[in-house]
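Subject: Structure for you to look at

Hello,

I am passing this structure on to you. Please open it first; my notes on what was found follow below.

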Amino acid sequence: MARQMIVHGKVKLNGQKHPFPSHTVKDGDIVTVDPEAVVTLRPSKESKELRFSALPFQQPWMFIPEYLEVNYNTCSTVFLREPVTRPNSTEVPSPYPPEFHSLAFEYYFRRGRTRK
């Protein structure tokens, strides 16, 4: 779904449509999403404002990582920096505890496949 939103121009990077979903964002990049494309934002019956209504299966993913600065009024976020992943410490969004991520980090570190 995210890929489709990017291809259809519903997601903008620094105010411009980006046709490539595989583009890597850099520190300071601003990602904006068209509010009409967000399925959890629905118009309220009283006014034209959009109202957030979470779906039942979203609960484990309802958090904002420290490396993102979100503005709900404009449906945008600023990518502050890359997430930190070290043994016993992770900022990678996941419903699993950090111990699982540290095990994966240590496994790939021993195999010599960490990012440089």
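The sheet is open and has five strands, in the order β2-β1-β3-β7-β6, with antiparallel pairing. Its edges are β2 (16–17) and β6 (68–71); each has a single partner strand, so one side of each is left without a neighbour in the sheet. Please keep in mind that this is a predicted model.

Within the sheet, strand β7 is a useful place to start. Strand β3 (residues 30–33) and strand β7 (residues 76–79) run antiparallel and are joined by three bridges. Thr32 has Ser76 in β7 as its bridge partner. β6 pairs with β7 as well, again in the antiparallel sense, over four bridges. Here Asn71 stands opposite Ser76, and Glu69 stands opposite Val78. Ser76 therefore turns up in two pairings, with Thr32 and with Asn71. β6 and β7 form a hairpin, with four residues between them. In that turn, Cys75 has a positive phi of about 55°.

Next, the pocket. The largest one has a volume of about 1,800 Å³, and 41 residues line it. Those nearest its centre are Val33, Val38, Leu68, Val70 and Thr77. The elements that contribute two or more residues to this lining are α1 (2–7), β1 (11–13), β3, β5 (50–52), β6 and β7. What is the lining made of, in terms of nonpolar, polar and charged residues? It divides into 31 nonpolar residues, nine polar and one charged.

Now the chain as a whole. Its secondary structure comes to two helices and nine strands, and from the N terminus the elements run α-β-β-β-β-β-β-β-β-β-α. The radius of gyration is 17 Å, well over the 13 Å that the globule rule gives for 116 residues, so the chain is more spread out than a compact globule. The C-alpha trace spans about 55 × 30 × 20 Å along its principal axes. Of the 116 residues in the chain, 20% are buried.

Helix α2 covers residues 98–111. Does its length agree or disagree with what its 14 residues should span? At 1.5 Å a residue the expected span is 20 Å, and the end C-alpha atoms are 20 Å apart, which agrees. Gly112, just after α2, takes a positive phi of about 80°.

On the other side of that helix, the loop between β9 (89–90) and α2 holds Pro95. Is Pro95 buried, partly exposed or exposed? Its relative accessibility is 38%, so Pro95 counts as partly exposed; the class in between runs from 20% to 50%. Pro95 and Gln59 are 36 residues apart in sequence, while their C-alpha atoms are 9.1 Å apart in space.

Those are the notes that go with the structure.

Regards

Key
Residues are numbered from 1 along each chain as its sequence is written. This is a predicted model: local features need pLDDT of at least 70, side-chain atom pairs count only at pLDDT 80 or more; totals for chains, interfaces and linings use all residues. Side-chain values use heavy atoms; hydrogens and water are left out. Two strands pair if DSSP finds at least two bridges between them. On a 1 Å grid over the protein atoms alone, a cavity is a set of points where a 1.4 Å probe fits but cannot get out, and a pocket is an open set with protein on both sides within 12 Å along at least five of seven lines; lining residues have an atom within 4 Å of a point. Grid points are joined across faces, edges and corners, and a volume is the space filled by probe spheres set on the points. Ala, Val, Leu, Ile, Met, Phe, Trp, Tyr, Cys and Pro count as nonpolar, Asp, Glu, Lys and Arg as charged, and the others, Gly among them, as polar. The expected span of a helix is 1.5 Å times one less than its number of residues. The radius of gyration is taken over C-alpha atoms; the globule rule is 2.2 Å times the number of residues to the power 0.38. Buried means under 20% relative accessible area, exposed over 50%, partly exposed in between (1.4 Å probe, protein chains only).
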